[in-house]
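Biologist: I am new to this structure and should be grateful for a close look at one part of it, the helices. Please describe how each is placed and covered, and then relate them to their surroundings.

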Amino acid sequence: MSTSRQASLDLLAQFRPRNPAEAADVARTRELLETAEDPWLRSIPLHVTASAMIVHPKSRRVLLRWHQRQRAWLQVGGHGDPGEIDPMQVALREGGEETGLHDLVPWPDASLVQVAIVPVNAKGDEPAHEHSDLRFVLATAEPGAVRPEKPNAPLRWLTVAQAHEATEPNVREMLARVEGLLAG
């Protein structure tokens, strides 16, 4: 087994699911990492992605991005580029690209915070599929430097309470975990 795959498996081994649904998602993700030739490959029905909730710890706010395809306010993140295999590096790259923030750092550390398998709607030639999303928290010290990647992907700084109202259940679970970290 490759070192890169082992690193992702080690992340999962250190992670403690919070409920039976998340434990099932961790088990499916582990199986994907152990059996798929390339678990990041976009053409397979279930593939690994990485995302992050961006926080500004001083103001206790979180940053959400409008995702047109999902028609929802979500955290930043997505697919690894060809050859990318480190979920934290994917989350950092995607976070920087989608927000224009260049000072993003893992916060309060580089721990995996949530594992969620989420459905993705079909679009064009791409069929509906699932993402096994490995989720982290990143922080910025410069929330005013935020710049959307494109006009149809606006960004919003919100309190955790406001974010709970704006998004979907699997992200609300992530927000509850972030809220605990911000309070902590």
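Modeller: In this predicted model, a suitable starting point is helix α2, in which Glu-22, Asp-25, Val-26, Thr-29, Leu-32 and Leu-33 are buried. Seen down the axis of α2, these buried residues fall within an arc of 125°, so they line one face of the helix. A general property of helices helps in reading such a pattern. An α-helix has 3.6 residues a turn, so residues three or four places apart point the same way. On the other side of α2, Pro-20 and Thr-35 are exposed.

The length of α2 can be checked as well. The helix runs over residues 20-35, which makes 16 residues, and at 1.5 Å a residue these should span 22 Å. The end C-alpha atoms of α2 are 22 Å apart, in agreement with that expectation. At the start of the helix, a side-chain oxygen of Asn-19 comes to within 3.2 Å of the backbone nitrogen of Ala-21.

Helix α3 comes next. It occupies residues 87-99 and has 13 residues, with 18 Å from its first C-alpha to its last, close to the 18 Å expected at 1.5 Å a residue. This helix is mostly covered, since 11 of its 13 residues are buried. Among them are the nonpolar residues Pro-87, Met-88, Val-90, Ala-91 and Leu-92. The charged residues Arg-93, Glu-94 and Glu-98 are also buried, and Gly-95, Gly-96 and Thr-99 complete the list.

The two ends of α3 each have a feature to note. At its start, a side-chain oxygen of Asp-86 reaches to within 2.9 Å of the backbone nitrogen of Met-88. After the helix comes Gly-100, whose phi is positive, near 75°.

Within α3, Ala-91 may be singled out. Ala-91 has a relative accessible area of 0% and is therefore buried, the limit being under 20%. Its C-alpha atom is 9.5 Å from that of Pro-106, a residue 15 positions away in sequence. Strand β5 covers residues 105-106. The loop between β5 and β6 contains Pro-108, and a cis peptide bond joins Trp-107 to Pro-108, with omega about -10°.

Helix α5 can be read in the manner used for α2. It covers residues 169-183, and its 15 residues should span 21 Å at 1.5 Å a residue. The end C-alpha atoms of α5 are 21 Å apart, which agrees. The buried residues of this helix are Val-171, Met-174, Leu-175, Arg-177, Val-178 and Leu-182. They cover an arc of only 165° around the axis, which puts them on the same side of α5. The face turned away from that buried side carries the exposed residues Pro-169 and Ala-183.

Just before α5, Glu-168 is found in the loop that connects α4 (160-166) with α5. Its relative accessible area is 24%, and Glu-168 is therefore partly exposed. The C-alpha atoms of Glu-168 and Ile-54, which are 114 residues apart along the chain, are separated by 17 Å.

The helices may now be related to the largest pocket, which has a volume of about 1000 Å³. Helices α1 (3-14), α3 and α5 each supply at least two residues of its lining, and several strands, including β1, β2 and β4, do so too. Strand β7 gives the most, with four residues. In total the pocket is lined by 48 residues, of which Arg-42, Gly-77, Gly-78, His-79 and His-131 lie nearest its centre. The lining divides into 13 nonpolar, 18 polar and 17 charged residues.

Two further residues belong to this setting of strands and loops. Asp-133 has its place in β7 and is buried, with a relative accessible area of 5%. The C-alpha atoms of Asp-133 and Gly-78 are 8.1 Å apart, although the two residues are separated by 55 positions along the chain. Arg-60, by contrast, is found in the loop between β1 and β2 and counts as partly exposed at 46% relative accessibility. Arg-60 has a positive phi of about 60° although it is not a glycine.

Notes
Residues are numbered from 1 along each chain as its sequence is written. This is a predicted model: local features need pLDDT of at least 70, side-chain atom pairs count only at pLDDT 80 or more; totals for chains, interfaces and linings use all residues. Side-chain values use heavy atoms; hydrogens and water are left out. On a 1 Å grid over the protein atoms alone, a cavity is a set of points where a 1.4 Å probe fits but cannot get out, and a pocket is an open set with protein on both sides within 12 Å along at least five of seven lines; lining residues have an atom within 4 Å of a point. Grid points are joined across faces, edges and corners, and a volume is the space filled by probe spheres set on the points. The expected span of a helix is 1.5 Å times one less than its number of residues. Buried means under 20% relative accessible area, exposed over 50%, partly exposed in between (1.4 Å probe, protein chains only). The arc is that of the directions from the helix axis to the C-beta atoms. A polar contact is a pair of N or O atoms within 3.5 Å; within protein, one must be able to donate a hydrogen and the other to accept it, and residues adjacent in sequence count only if both atoms are side-chain atoms.
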